[in-house]
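Let's go through some structural terms together and see how each one is earned. Have a look at the model first, then follow the questions.

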Amino acid sequence: MTMEKLKWKLALFIICLAVLAGLIFFQRPVSYQRVKIIDKFYTPNRKEMPVATGVKTKRKIKVAPTTTKPYCAIAFNNGKTLAIDCDTYLNFKIGDQVYIKYRGNRLTDIHRKG
């Protein structure tokens, strides 16, 4: 009887390892998208609710709170407006063609060359 239980436990363990390996190795890779920056949004008051104003359009949007301050965002021609760390992405200008990766509404990576 104990040998029977051991076989079932071993079989279950092997199945779990196979599922884990499948999840690790067969994840859909996040690819970069080639987009154009159409507007940048900055918050004038960094202490209150993050409402950012567009540099080009003067449109006001609410920026999702992030762990980094100040709250900023960039709008792209694919319809996405993504929250960013203002200090990190200052060297990107409106009109630049860039490659981006994002998760949800947060920009994870951006660069100029593919």
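Q: Which residue of β4 stands opposite Ile-37?
A: Ile-37 stands opposite Phe-76 in β4. A word on the source: this is a predicted model, where local features need pLDDT of at least 70 and side-chain atom pairs count only at pLDDT 80 or more, while totals for chains, interfaces and linings use all residues. Residues are numbered from 1 along each chain as its sequence is written, and side-chain values use heavy atoms, with hydrogens and water left out.

Q: What makes β1 and β4 a pair?
A: Two strands pair if DSSP finds at least two bridges between them. Strands themselves are DSSP runs of E, at least two residues long, numbered from the N terminus. β1 (residues 33-42) and β4 have five bridges in the antiparallel sense, so they count as paired.

Q: How many bridges link β4 and β5?
A: β4 and β5 (residues 81-85) pair over five bridges, again in the antiparallel sense. One bridge partner is Asp-85 in β5, matched with Tyr-71. The two strands form a hairpin with four residues between them, and Gly-79 in the turn has a positive phi of about 90°.

Q: Why does Asp-96 count as buried?
A: Buried means under 20% relative accessible area, exposed means over 50%, and partly exposed lies in between (1.4 Å probe, protein chains only). Asp-96 has 17% relative accessibility, so this residue counts as buried. Asp-96 sits in the loop between β5 and β6 (97-103).

Q: What makes the link between the side chains of Asp-96 and Arg-112 a polar contact?
A: A polar contact is a pair of N or O atoms within 3.5 Å; within protein, one must be able to donate a hydrogen and the other to accept it, and residues adjacent in sequence count only if both atoms are side-chain atoms. The two side chains are joined at 3.1 Å, so the distance fits the cut-off.

Q: Why is Lys-40 said to have no salt bridge?
A: A salt bridge needs a side-chain nitrogen of Lys or Arg within 4 Å of a carboxyl oxygen of Asp or Glu. Lys and Arg count as positive and Asp and Glu as negative, with His and the chain ends not counted. For Lys-40, which is buried, the nearest side chain of opposite charge is Asp-96, 7.3 Å away, so the cut-off is not met.

Q: What does the side chain of Lys-40 reach at 2.4 Å?
A: The side chain of Lys-40, a residue in β1, reaches the backbone oxygen of Phe-92.
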